[in-house]
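Biologist: Please take a close look at one chain of this model, and in particular at a part of its surface. Please then set that chain beside its partner, with each term explained for a first-year student.

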Amino acid sequence: MAHESRSRRAGVFDIRLIIALLIGVYGAVLTVLGLGFTTDEDIAKAANVNINLWAGLAMLLFAGLFVLWTWLRPLRVPEDGQAMQQESGE
Amino acid sequence: MTVLAQADLRLDANAIDYLLLAFYFLLVLGIGYLSRRQVSTSLDFFLSGRSLPAWVTGLAFIAANLGAIEVMGMSANGAQYGMPTAHYFWIGAVPAMLFLGIVMMPFYYGSKVRSVPEFMLRRFGKPAHLVNGISFALAQILIAGANLFLLASVVNLLLGWPIWVSIILAAVIVLSYTALGGLSAAIYNEVLQFFVIVAALLPLTIVGLYKVGGWEGLVDRISGGPGGAEQLDSWPGNQLTGFGSNFLSVLGLVFGLGFVLSFGYWTTNFVEVQRAMASKSMSAARRTPIIGAFPKILIPFIVIIPGMIAGVTVTELAGENKEALLNGDAAPSGATFNDALLLLMRDLLPNGMLGIAIAGLLASFMAGMAANLSSFNTVFTYDIWQAYLKKDRPDDYYLRTGRVVTAAATVLAIGTAFIASTYSNLMDYLQQLFSFFNAPLFATFILGMFWKRMTPTAGWTGLVSGTAAAVTVFLLAETGVWDLPGQGASFVGAGAAFVVDVVVSVVVTYATQPKPEPQLVGLVYSLTPKENLRHSTTGEDAGWYRNPGLLAGIALVITIVLNFIF
C-alpha cells in the first residue's frame, strides 16, 4: 500500500478498459445479430461467411483479454508529476 | 473535377448501423466530459509530465499515425498499384521509426525540445522560426482538406447528398465535435478509432480473401487484370514510382521515399514524437516508436490487400474501369481508387459489421481533422500571431483568438477539400505535400542538429529554397515538361528539396556568422552532455525484452524477411 500514497490507479479511465467496453459492446451486438438476425442473403453477400457472428465472438474474446490485462497490471497515475520526473530523469 | 460528378453509389446502412455509430460518439464524448471533471486522472493520461509506461505511449504513437487518411489512401494505392504500396510501410516507415527510437529519441528526450518551431527558434532564431511556422500552418490546412474530403465522401455514400453539400456538413460536424469534446475527448478518440478501424478491416480482409478464393485466387485475378502480375511483388515498383527503369525506380524508392520522405516525416513529426515524450524514462521513450513499428509492419496486410481485392472484384473499379484509371482517365463508372475501401465494404459487409466500419472511418477522419485543426491553431496563435503580430496581450485575448482561428481554419479547409477532391488517388496529394514541407524541414533539422557551425541565416534560406525546389519539380511534372506519372514526382521532389536545402545551407553557412557555442548546448548533438543521452537498464527498464536496440533488431529482421517474400 506504500505505493498508493504516491500514485493511484487510473481506474475506469484506464484506456484499456474503455477499449474493452467499446469492443465488448460491439462484439455482443454482432454476436446477437449473427445468431438471430443475419439473413441468408447477408451471408451469401459475405462470401458465405457469417462474418457478424465470427467477428462478434473475436471481439468479445479481445475485450475479455483487455479486461484481464487491466486487472493484472493496473496503470498507476502519479499524484505528483514533479516527483516522478526526478525519479526517472537520471 | 471528375469526383464531383461521382456515380450514384450508396452504402445500405440501417438502424443497427446508425446505433453502433451513435454508441461510439456517445462513448467518446461522454468519456471526454467525465474525464475533464477528473483532470488529474485523464489529462495526465497522455500529457502528464513523463509518467507513462512504454506500452501506453507506443499505443498512442501508432494510433496517432494510423488515421483514416492512411487507411483510405493506402487501400486506394493498393487498388491502383498492388503490393508495391507496402513500401510505404516497410521502406517508408519502419526504418525511420527505428532510427527515431535509437538515434533521435535520446536527443529529444534529453534536451527536452517540445516542438519543431521551438527547436527552430532556439537553434536558428526568428526568421527560421517564422518560415517554419508559416509552412507548417499551410501544410496543416492542406492536410485537413484531405480529411474533410474523405469525411464528406463517407457522408455522400451514406446520405447520397452531393459532395459539396457533404463537405460543408462534414465541416459543421467537425467544428461542433471539437467544441463539445475538447482535448480529452480528442485523445481518447484517437486511440479508440485505431481499434475500431482494425476491428473493421480484419474481417473485411478475411471475407474478401474468401470471396476471391484465398491468396492464390487473388494472385490469379490480378495477374489476369490490367496492371498485371507486376502488382504482386513489392520490388521494383515501376508503376508506383512512374520510372521506366528498374534501377531508377529502386533508387527513387530507397532515397526519395525511404530516406528523405519517411525520415523527414517520422523524425520531425511532433504530433507523434510528443506521445513518446510523455513516457516515464529514457528507455521507455526509446521503446515507444520501436514498439509502434511492430503493428506498422503488419498493417499493410489489412489495408493494401482489401484495396487489391477491390481492384479486381468491385464492379465499378475492376476490368475496364481499372484500365481507364491506370491510364489517367476517368473510369466509365465514375468511381475512383479513393472509393476502393468503401465500395468493398458495401459489397461484402452485412449490416452490423457495416456500422462498425462506418464508425471507424468517421471517427478517424474526426481524429485526423481535429489534430490538424489544433496544431494549426497552436502554431498560428502562439508562433505567428503572438510572436510577431500582436505581442503582450492578456492570456484570454489569445484564447479568444484561438477559437476564431479554429473556425477560420475550418472554412479554409473547405477550400482545400475541393483541391483534394481533384485527385483520383489521395496518396498522390499527400505525398506531394510531404515533399514540399517535410523534406526541406528534415534537411535543415538534421543539419542544424549535427553541425554546430550552421548559421541562423542558413537555417531559413535552406528551408525556403528547399520548398521552392520541391514546388518546381511539382510544376514541371504537372505541366508535363518532365513526365513522371505515379508518385515518382513526389519522390523526386523530396530528393530535390533535400539536396537543394543542404547545398544552400552549406554555402550560406560559410558566408555568414555562426551562433556562439554556449547558446547551442542541448540543441546540437556534439554539444549535448553525453549523460543526457544514456538510458537506465535497472528497475522497470531491466530485462532483454526492454532493450531498445534488441527490439529494433527484431523489427528490422522481420521487415527484411517480408521484403524478400513479397
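Modeller: A residue is called buried when its relative accessible area is under 20%, exposed when that value is over 50%, and partly exposed in between, with a 1.4 Å probe and only protein chains counted. By this rule, 43% of the 90 residues in chain A are buried. The model is predicted, so local features need a pLDDT of at least 70 and side-chain atom pairs count only at pLDDT 80 or more, while totals for chains, interfaces and linings use all residues. Residues are numbered from 1 along each chain as its sequence is written, chains are lettered from A and ligands numbered from 1 in the order in which they are written, and side-chain values use heavy atoms, without hydrogens and water.

Chain A contains five helices and two strands; here helices (H or I, at least four residues) and strands (E, at least two) are DSSP runs, numbered from the N terminus. Read from the N terminus, their order is α-β-α-α-α-β-α. Contact means heavy atoms within 4.5 Å. Of the contacts in chain A with a separation of 6 or more, 76% are between residues 24 or more positions apart.

The part for closer study is helix α4, residues 51–72 of chain A, where A:W71 is found. The unreviewed UniProt entry annotates residues 12–33 and 53–72 of chain A as "transmembrane region"; such annotations may be inferred rather than shown by experiment, feature names are shortened, and positions follow the numbering used here. The span 53–72 is 100% helix and 0% strand, and its end C-alpha atoms lie 29 Å apart.

A nonpolar surface patch is formed by A:L61, A:L65, A:L68, A:W71 and A:L72. A patch joins residues that have over 30% relative accessible area and no salt bridge: nonpolar side chains (Val, Leu, Ile, Met, Phe, Trp, Tyr) within 5 Å, or like charges within 9 Å. Together the five residues offer about 610 Å² of accessible area, a quantity obtained by the Shrake-Rupley method with a 1.4 Å probe, where only the protein chains shown count as cover for residues. A:W71 counts as exposed because its relative accessible area is 65%. In general, an α-helix has 3.6 residues a turn, so residues three or four places apart point the same way. The accessible surface of chain A as a whole comes to about 5200 Å², with 64% belonging to carbon and sulfur atoms.

Chain B serves as the comparison. This chain has 22 helices and zero strands, and 62% of its 566 residues are buried. Chain B exposes about 20100 Å², and carbon and sulfur atoms supply 67% of that area.

In contrast to A:W71, B:T444 counts as buried because its relative accessibility is 0%. B:T444 belongs to helix α19 (residues 426–450) of chain B. Beyond its neighbours within four places in sequence, B:T444 is in contact with several residues, including B:M120, B:F124 and B:D501.

The structure holds one salt bridge over all chains, that is, a side-chain nitrogen of Lys or Arg within 4 Å of a carboxyl oxygen of Asp or Glu. This salt bridge links B:R346 and B:D347, at 3.0 Å from N to O. B:D347 is partly exposed, because its relative accessibility is 23%.
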